[in-house]
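Please walk me through this model, beginning with how its strands pair and ending with what is packed away inside.

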Amino acid sequence: MCYRQILKQYWGYDNFRGVQLDIIESIGSGKDTLGLMPTGGGKSITFQVPALAKEGVCVVVTPLIALMKDQVARLRKVGVLAAAIYSGMQHDEIIKILENCIFGGVKILYVSPERLASEFFQIKIKKITVSFITVDEAHCISQWGYDFRPSYLSIADIRKLKPGVPVLALTATATPQVIGDIQEKLGFEKKNVYRMSYERKNLAYVVRNASDKYQQMVHILNAVPGCAIVYVRSRRRTKEIADLLNQCGISALAYHAGLEGLIRDERQAEWHDDKVRVMVATNAFGMGIDKADVRLVIHIDCPDSLEAYFQEAGRAGRDGRKSYAVLLYNSSDARKLTKRIDDMFPAKDYIRKVYEHLAYFFQVGMGSGAGVSFEFNIDKFCHTFKHFPIQVESALHILTRAGYINYEEERDNQARVHFLIDRNDFYRLDSLTANENNVITALLRNYGGLFTDYNYIDEGFVAQQAGLQTSQQVYMILKNLGEKHILHFIPQRKTPVITYVERREEAERLIIPKNVYEERKEQFAERIRHVIDYATNGEVCRSRQLLRYFGETRSHDCGHCDVCLAHRSDASSLGKNEVARDKIMALLSDGKPHPIYELHRLQLPQDVLDSTLEYLIAEEQVLTEGSFLRLPLS
């Protein structure tokens with residue numbers, strides 16, 4: 001079946017867009033390929049279509065669990081054999097999926113980059129016929145990328161296990177330096193890049209200087225109708241601003257990674273279905289969101305990089321209609337941005353102190369701890385040792401890159417259940433609803449050991465087995481059963497985890513390499529400088545500034561950003577002033593004094609007349625005598 005037939009059969013489109021077909025034909029012919037496509041450019045089509053055309057399994061590496069789940073659900077809905085493996089899954093589930101891959105029961109397999117380093121996964125993948133490997137968010141493999149993740153380096157090891165299997169790397173944000181690094185890190189046989197212009201003709205980029213950002217935000221939301229996203233930097237501010245908007249009559253919800261998974265899913269669904277107009281979110285919200293009619297994205301806080309800004313702003317207007325990306329900026333933002341450099345790269349002595357305090361916190365003795373994992377309560381840690389969370393998190397990331405620990409900020413732990421009553425006591429319960437009985441029956445049939453200890457469960461699977469529509473129903477039923485003391489229910493939650501990669505060392509002996517600290521600090525500082533330059537440069541078209549940053553030199557003025565509109569206004573005013581000057585000089589050309597009121601007969605707009613007259617008098621091209629005007633004597 002040809003690529004266009006597959007596109008039509010599964011997605012209903014007649015033709016590909018931009019460079020989609022070029023990328024598909026390149027990876028389809030077995031060539032290592034890098035595709036650069038803006039947010040909303042249709043990246044997923046470029047690997048899903050050739051995956052169905054080729055024999056074997058397409059392995060898709062992506063760090064976004066929500067994206068995995070969403071795409072797997074969509075693919076299954078149209079009849080594509082797809083599956084995903086991510087943290088928190090039971091071992092039996094993982095075995096089943098990998099066995100299906102071996103025997104042809106899966107065409108597209110999504111995996112997290114951390115999974116690639118698993119010895120068990122590497123053993124299994126040797127037996128799987130892999131058509132090609134797709135690396136989504138490929139900029140994460142580059143040390144020059146804004147979102148570098150060491151786990152991505154494991155992809156090169158998988159290539160060694162599957163020699164001859166081509167790689168398709170995809171990203172929406174890559175500078176020329178990152179483009180080269182991606183191909184090098186992934187071991188491309190030769191450079192092979194397909195680029196779709198990053199230009200978004202329907203998206204107006206605006207920087208608004210605002211002393212009162214909240215007031216400006218409300219004003220913009222009232223002026224621009226339609227669905228919107230407001231990005232902020234802290235979890236606390238998501239709730240504050242959502243509450244403020246609701247008080248102003250603008251429906252809004254808060255979203256961040258600290259919320260329970262079911263609550264996040266519920267809020268995203270309300271926003272997606274237009275039950276709520278605005279999502280106020282941290283950068284945890286947005287990746288893989290399939291909502292094309294976002295009319296407005298507002299950044300109240302400046303992001304750390306133009307890559308992050310471009311990706312987040314690009315979630316507006318994916319349907320091709322006129323949309324706006326607004327960055328609210330004021331004089332304090334440059335100071336805040338510059339402070340982030342020290343927050344992200346605290347002094348090395350401080351990093352060593354955090355490492356030492358971790359050992360006290362987890363009671364890890366000198367020379368021990370290698371391979372041991374601990375759930376990490378950052379609030380308790382900071383309270384115990386008088387630290388600030390931002391600097392602690394930065395120190396943990398640096399210790400991770402240096403190879404001493406592995407810090408997973410948000411390990412997705414599945415829900416757990418433990419029955420508190422004996423199996424025989426169920427028959428004495430007569431107050432349970434039909435749905436409660438169905439959920440209990442589904443749990444007992446599908447999970448063992450629930451009476452002796454906690455066991456991980458999949459709420460979606462339980463819903464299916466119990467004949468319910470959604471996992472949210474299971475969540476509420478389990479909460480009710482918990483309140484009746486029939487079972488203890490621990491909802492799905494995200495928990496930071498720290499693993500000692502090496503045995504504990506003396507803090508003063510820690511080596512923090514230059515490429516982990518000094519070089520990355522300079523890269524981060526450079527990205528901050530680019531954000532400040534973008535926000536403060538009122539002379540060059542916003543779109544042109546962004547495109548140049550990503551290496552597109554043949555860019556042109558967009559015509560609808562705040563800079564272009566200001567230039568157009570200036571040019572228009574200049575033209576009107578020239579017309580006014582000519583009329584005034586013609587009136588006075590007879591050399592006689594003329595009363596000022598005569599100027600009103602020239603039928604010029606008052607503001608143009610005032611500004612032109614002010615200019616002519618200041619330049620002494622026209623002289624005033626009381627209430628009269630005349631030309632200077634020659």
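Two strands are taken to pair if DSSP finds at least two bridges between them. In this predicted model, one such case is that of β9 and β12, which run parallel and are joined by five bridges; within this pairing, tyrosine 231 has histidine 299 of β12 as its bridge partner. Both strands belong to an open sheet of six strands, ordered β8-β13-β12-β9-β11-β10 and paired in parallel. At its edges stand β8 and β10 (252–255), each of which pairs on one side only, and from one strand to the next the twist averages 20°.

Helices lie across this sheet. Helix α10 (residues 235–247) crosses β10 and β11 (278–281), and its direction makes about 180° with that of β10, whereas α20 lies across β8 and β13 and runs at about 105° to β13. Helix α12 (residues 306–313) is mostly covered, with eight of its eight residues buried; among them are Tyr309 and Phe310, but also Glu307, Gln311 and Glu312. The elements that cover these buried residues include the strands β8 (203–209), β9 (227–231), β12 (294–299) and β13 (323–329), together with α20 and α21 (542–549).

A second sheet can be read in a similar way. Seven strands form this open sheet in the order β3-β4-β2-β5-β6-β1-β7, and the pairing is parallel. Because β3 (82–85) and β7 (193–195) stand at the edges with a single partner strand each, one side of each is left without a neighbour in the sheet. The twist here averages 20° from one strand to the next. Strand β2 (residues 57–61) and strand β5 (residues 130–135) run parallel and are joined by five bridges, and valine 57 has valine 130 as its bridge partner in β5. Across this sheet lies α3, which meets β2, β4 (108–111), β5 and β6 (167–171) and runs at about 160° to β6; helix α5 (residues 91–102) also packs on the sheet, where it touches β2, β3 and β4, its direction making about 140° with that of β3.

Towards the start of the chain, helix α1 (residues 3–11) has Tyr3, Ile6 and Leu7 buried. These residues lie on the same side of α1, because the arc they cover around the axis is only 100°. Their cover includes α2 and α3 (43–53), and α1 is followed by glycine 12, whose phi is positive, near 80°. In helix α2 (residues 20–28) we find glutamine 20, which counts as buried because its relative accessibility is 4%, against a cut-off of under 20%. Its side chain reaches the backbone nitrogen of arginine 17 at 2.8 Å, and, once neighbours within four places in sequence are left aside, glutamine 20 is in contact with Met37, Gly41, Gly42, Ile45 and Thr46.

What, finally, lies in the nonpolar interior? In soluble globular proteins, nonpolar side chains tend to be buried together. The largest nonpolar core here holds 124 residues, of which Leu109, Phe376 and Ile405 touch the most other members, and its largest share, seven residues, comes from helix α20 (residues 518–536). Apart from this core lies another, of 26 residues, including Ile457, Val474, Leu481 and Leu487. Beyond four places in sequence, the contacts of phenylalanine 376 include Leu358, Phe361, Phe362 and Phe381, as well as Tyr407 and Pro496.

Definitions and conventions:
Residues numbered from 1 in each chain as written. Predicted model: local features only at pLDDT ≥ 70, side-chain atom pairs only at ≥ 80, totals over all residues. Heavy atoms only, no water. Core = buried A, V, L, I, M, F, W, Y, C linked by side-chain atoms within 4.5 Å. Buried < 20%, exposed > 50% of the residue type's maximum accessible area, 1.4 Å probe, protein only. Helix = DSSP H or I, 4+ residues; strand = E, 2+ residues; numbered from the N terminus. Contact = heavy atoms within 4.5 Å. Polar contact = N/O pair within 3.5 Å; in protein donor to acceptor, adjacent residues only side chain to side chain. Axes fitted to C-alpha atoms, helices over the stretch in contact; angles between N-to-C directions. Arc of directions from axis to C-beta.
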